[in-house]
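Let's take a walk through the side-chain contacts of this protein, starting with rings and moving on to charges. Keep the 3D view open as you read.

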Amino acid sequence: MTARSPHSGHRRSQNRTPLIAAVAAGVLSLAIAAQAALATDRPQAGGTAAGVRVLAGPQAASEVQLTATRRVTGVFDGGRTRFTAAGAPAGDGQEEGQDPLFELADGAVLKNVVLGAPAADGVHCLGSCTLENVFWEDVGEDAATFLGESADARYVVNGGGAARAADKVFQFNGAGTLTVRNFEVADFGKLVRSCGNCSKQFRRDVVLENVTATAPGGELVGINGNFGDTARLSGITVLGDPDREIVPCQKFRGVTGGEPEKLDATADGVNCVFGQADIRFG
């Protein structure tokens, strides 16, 4: 497994209490509510209450606490079960090195699962994997981390959503292509980050299709231009961000030690590939 660092490009440390207080004060956020069936491709849009935009998510059919990482080979269908961490993996903050709730072998599929709080380090994919209709109610360290080292690795996140990610939702440490489609995210730092300072670096390709992001948020994608990373965006909707503070694609100069350098955020057709028609600010 790739060594991980607590510094920028991988994790910024934050106290979650101010974040939660801000949400309660009326900051736009995604709240996973019990109103829609998990089998749908996407959560359904809800109304507003006290200035907070609510996106309806799945109603959990049952509850399970995991005291150790559950390892998945083949297909695991959670049947709308909400999983939370207890015991050793029961973290919910920004500390590095937390255990995941689920570890997926190469080629494994995780579907119809709700990850509640505490969610520890969410899901780890050791190779190609598919996450289908997976919802994170309150992202812990990361929602999912992708670790395969083959350039042919394919990671697919289809459907689902994530809320309250103080830093990253998807941490891309390995090689290959990560596709996120039909997904909703709100109250986040970065939706996808290509590791900026892993000790072993790779070229990484990111595809975002039909994604809705609700402010507050930082970056949809952060990539390392010097390692040949690419990000292709289409069908993106950004809500609650009239000043357009959410950055669609941020380039960095990645490193294998120390701090990555933040570069420009232009759509250059080489690393950041999208046009005006691909992103709608609502």
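In this predicted model, there are 10 aromatic pairs to look for. Start with F76 and F102, a tilted pair with 5.8 Å between centres and 45° between planes. F76 sits in strand 6 (residues 75-85) and F102 in strand 7 (residues 102-104), so this pair links distant parts of the chain, 26 residues apart. F102 counts as buried because its relative accessibility is 0%, and buried means under 20%.

Now hop over to W136 and F170, which meet edge-to-face, 5.7 Å centre to centre and with 80° between the planes. Because W136 is in strand 10 (residues 129-136) and F170 is in strand 13 (residues 161-172), they tie together parts that are 34 residues apart in sequence. Both rings' residues, W136 and F170, are buried. They also belong to a cluster of ring pairs, together with F146, Y155, F172 and F183.

For a mix of charge and ring, check R193, which lies over the face of F252 at 3.9 Å from the ring centre.

On to the charged pairs: the whole structure has 13 salt bridges. In one of them, E103 meets R71 at 3.2 Å, N to O. E103 is in strand 7 and R71 in strand 5 (residues 70-72), so the bridge joins parts 32 residues apart in sequence. E103 counts as buried at 16% relative accessibility, whereas R71 is exposed at 60%.

K190 and D167 form another salt bridge, at 3.1 Å, and both residues are buried. These two are part of a salt-bridge network that also includes D142 and K168.

Key: Residues numbered from 1 in each chain as written. Predicted model: local features only at pLDDT ≥ 70, side-chain atom pairs only at ≥ 80, totals over all residues. Heavy atoms only, no water. Phe/Tyr/Trp six-rings, centres within 6.5 Å; stacked < 30°, edge-to-face > 60°. Helix = DSSP H or I, 4+ residues; strand = E, 2+ residues; numbered from the N terminus. Buried < 20%, exposed > 50% of the residue type's maximum accessible area, 1.4 Å probe, protein only. Lys NZ or Arg CZ within 6 Å of the ring centre and 35° of its normal. Salt bridge = Lys/Arg side-chain N within 4 Å of Asp/Glu carboxyl O.
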